[in-house]
Every structure is written in structure tokens, then in C-alpha cells.
Amino acid sequence: YGSVMRGFTAASRKRRAEAATKGEEPQPQRMWSFREGLQVMVTALAERLAKNIVLGVSVNKITRQTDGTWLLQGEGQESWPAEVVVFTSPSQEQASALAELDQSLATELADIPYTQVAVVALGFRESDLPKQNLDGFGYIAPQHTKRDILGVQWCSSIFPGRAPAGMVLWRALCGGWNRPEILGWDEARLVSAVRAELQVAMGVTAPPTFVQIVRWPRAIPQYHVGHLARLGRVDERLKAFPGLFLGGNAYRGIALNDCTEQAELLAGQVADYCAAIF
């Protein structure tokens, strides 16, 4: 289709047309993804870049050269010169790399708080689950209850093909702002807590056939009162460093849609800057 979004739109129109032909109601809009996951898009973009991508390295410091260009320094003697730097890692990593360049800017970035989240993925046999309608996104636990889970996503219901036939894949999120201590629980305690919550909420008593845990010490940036004022101060500091651009979900939206929108705006700013200097 020449575009991922045009492809999604065309597929939606086709489904509505097929439903109308059969005299059926079209399915409500739902979330979509690539069959092999979002990495498909990242890989496709990388393959179309003119130059090779450097992977598996750390940028520990960013310094400005006397001619106005930039030098990215890695571990040991590794370094990479650049005319433009677009920095989209978590804000604490940005702060660390920019500390020598501008301590005030680095402090603003380092002070953006993050929640801690443990993600517990569980696979179940469909036959072991209570008979109920799982055609949905999942559920969220009310935050004021401070339960052991934040919510559960029914991954294989949202994206068919995420689990083998006859199986379901769910993902429980634990921790968050009110329960940061959960991140330190060992695997057995985490799984036991999630199973107890699933029994209360959904009546699930069967043991999972698959378990995988991923811990995120800095999972989701938090926009506390004063966040917009902080961004104003960051933008003001950046005026002293043309060619340095900051992005990522720590600033103006944490969700994928927000980051995509901000990335487009950021790309426009970089393009305008490049057009002015080259």
C-alpha cells in the first residue's frame, strides 16, 4: 500500500465491505499489530537507511566541539562525530550523558520520576480456564485499592497468534507508584501473588504452563504537577545547544501513539535545522 497507515485503513474498509455484503454488523475498531510484533517496522526502517546502524554500544558522554559539531563518547576509546544528535533514551540516561555539558539541564532530566513495574507473562491452557468471554483487552485494578497487580492484559485476545492453538497468553503488571516494593519480590512470590489476584478477579485456579518475568526499574515516566514548567526550563536550556534534540516518552506523552506523534514533530525540527546549516 506504500504506507503502513494506508494499509491499515484499506484493510479496515475491506472488512467493513465484506461485513456489509454478508448483511453483518462490522466488527468494532480494535488494536492492531504486525503478526511478528512491532519489531517488524523497526527492522524495515533500519534496512532502508543509507548507512549502517551501530548497535550494542553505550553513549556515556556528549560534548560539543569548537566548530559547533558534536562528539558522542562511548566506553573506552569509542567515539562518533555528529552534526546533529537526537537523544531519545530514558531521561536519566540523557542526564548522565549531558552532565558535563550542562549540569542544570541534566538535573532537570534526572528529576523526572519513573514508576517501577514487574511484568509477569502467564500462559494457560484454554480448557483450564473458567468459561467466560475473553474477547476484550483485559482489566485494570483500581489504584486506590493498592492491590498486588495494576492490571492484566489478555494478549492473545488483543492480538490473535500470540499464543499456540488452545492456549491463552496474559500479562500482569505489578508495582507502580503505590507499590514499588513489589519489584524486589522473588519470582515465586510474584507468580503466587498474580495467581491469587487472577483467582479473585476471574476464578482462575489452574497453574500456568508458561511463566516469564521482566522487571523494569524505570518503566513509566510520571508527569507530576509542575511537569510542563520543567519542560519549559528544558527547552530554554536547549536553546544554547543547536543541533541537540531530546525526545522520548519522558516529555510529552508516554503511549506509543504519543511517541509517534512527537517523533514526527521532532523529525520536522531536525529537517529544518539541517536545511539551515547544510
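# A tour of two sheets and their helices

Begin by selecting Trp70, which stands opposite Ala82 in strand S3. Keep in mind throughout that this is a predicted model.

Now widen the selection to residues 70-73, which make up strand S2, and notice that S2 runs antiparallel to S3 and is joined to it by 4 bridges. Between S2 and S3, which together form a hairpin, there are 5 residues, and in the turn you can pick out Gly76, whose phi is positive at about 65 degrees. Adding one more strand completes the picture, for the open sheet here consists of 3 strands in the order S1-S2-S3, with antiparallel pairing. Its edge strands are S1, residues 61-64, and S3, residues 79-82, each of which pairs on one side only. If you look along the sheet, the twist from one strand to the next averages 20 degrees.

Next, select helix H3, residues 91-98, together with helix H4, residues 103-110, whose axes lie 8 Å apart and whose packing angle is about 165 degrees. Angles over 145 degrees count as roughly antiparallel, and H3 and H4 are therefore roughly antiparallel to each other. The crossing of these two helices, H3 and H4, is left-handed. To see where they touch, show the side chains of Ser91, Gln92, Gln94, Ala95 and Leu98 in H3, which meet Leu105, Ala106, Leu109 and Ala110 in H4. Sorted by class, the residues of this contact of H3 with H4 comprise 6 nonpolar and 3 polar ones, with no charged residue.

Keep H4 selected and add helix H7, residues 227-238, whose axis comes within 10 Å of the axis of H4 and crosses it at roughly 150 degrees. That angle makes H4 roughly antiparallel to H7, and the crossing of H4 and H7 is left-handed. Which residues make the contact between H4 and H7? On the H4 side they are Ser104, Leu105, Glu108 and Leu109, while H7 contributes Arg230, Arg233, Val234, Arg237 and Leu238. By class, this contact of H4 with H7 has 4 nonpolar residues, 1 polar residue and 4 charged residues.

From the helices, move to another sheet, an open one of 5 strands arranged in the order S6-S7-S8-S5-S9, where the pairing is antiparallel. Strand S6, residues 138-140, and strand S9, residues 210-221, stand at the edges with a single partner strand each, so one side of each is left without a neighbour in the sheet. Here the twist from one strand to the next averages 25 degrees.

Within this sheet, select strand S5, residues 114-125, and follow the 9 bridges that join S5 to S9, the two strands running antiparallel. One position to centre on is Leu122, which stands opposite Val211 in S9. While you look at the strands, remember that in a regular strand the side chains alternate between the two faces of the sheet.

Then bring in helix H6, residues 187-202, which lies across S5, S6, S7 (151-153), S8 (167-175) and S9, and which runs at about 95 degrees to S9.

For the last stop, turn to the aromatic rings, among which 4 aromatic pairs are counted. Select Phe245 and Tyr273, whose ring centres are 5.9 Å apart and whose planes stand at 75 degrees, so the pair is edge-to-face. Phe245 lies in strand S10, residues 244-246, and Tyr273 in helix H8, residues 256-277, so the pair ties together parts that are 28 residues apart in sequence.

How values were computed
Residues numbered from 1 in each chain as written. Predicted model: local features only at pLDDT ≥ 70, side-chain atom pairs only at ≥ 80, totals over all residues. Heavy atoms only, no water. Pairing = 2+ DSSP bridges. Axes fitted to C-alpha atoms, helices over the stretch in contact; angles between N-to-C directions. Parallel < 35°, antiparallel > 145°, perpendicular 65-115°, else oblique. Left-handed = near helix turned anticlockwise from the far one by under 90°. Contact = heavy atoms within 4.5 Å. Nonpolar A, V, L, I, M, F, W, Y, C, P; charged D, E, K, R; others polar. Phe/Tyr/Trp six-rings, centres within 6.5 Å; stacked < 30°, edge-to-face > 60°.
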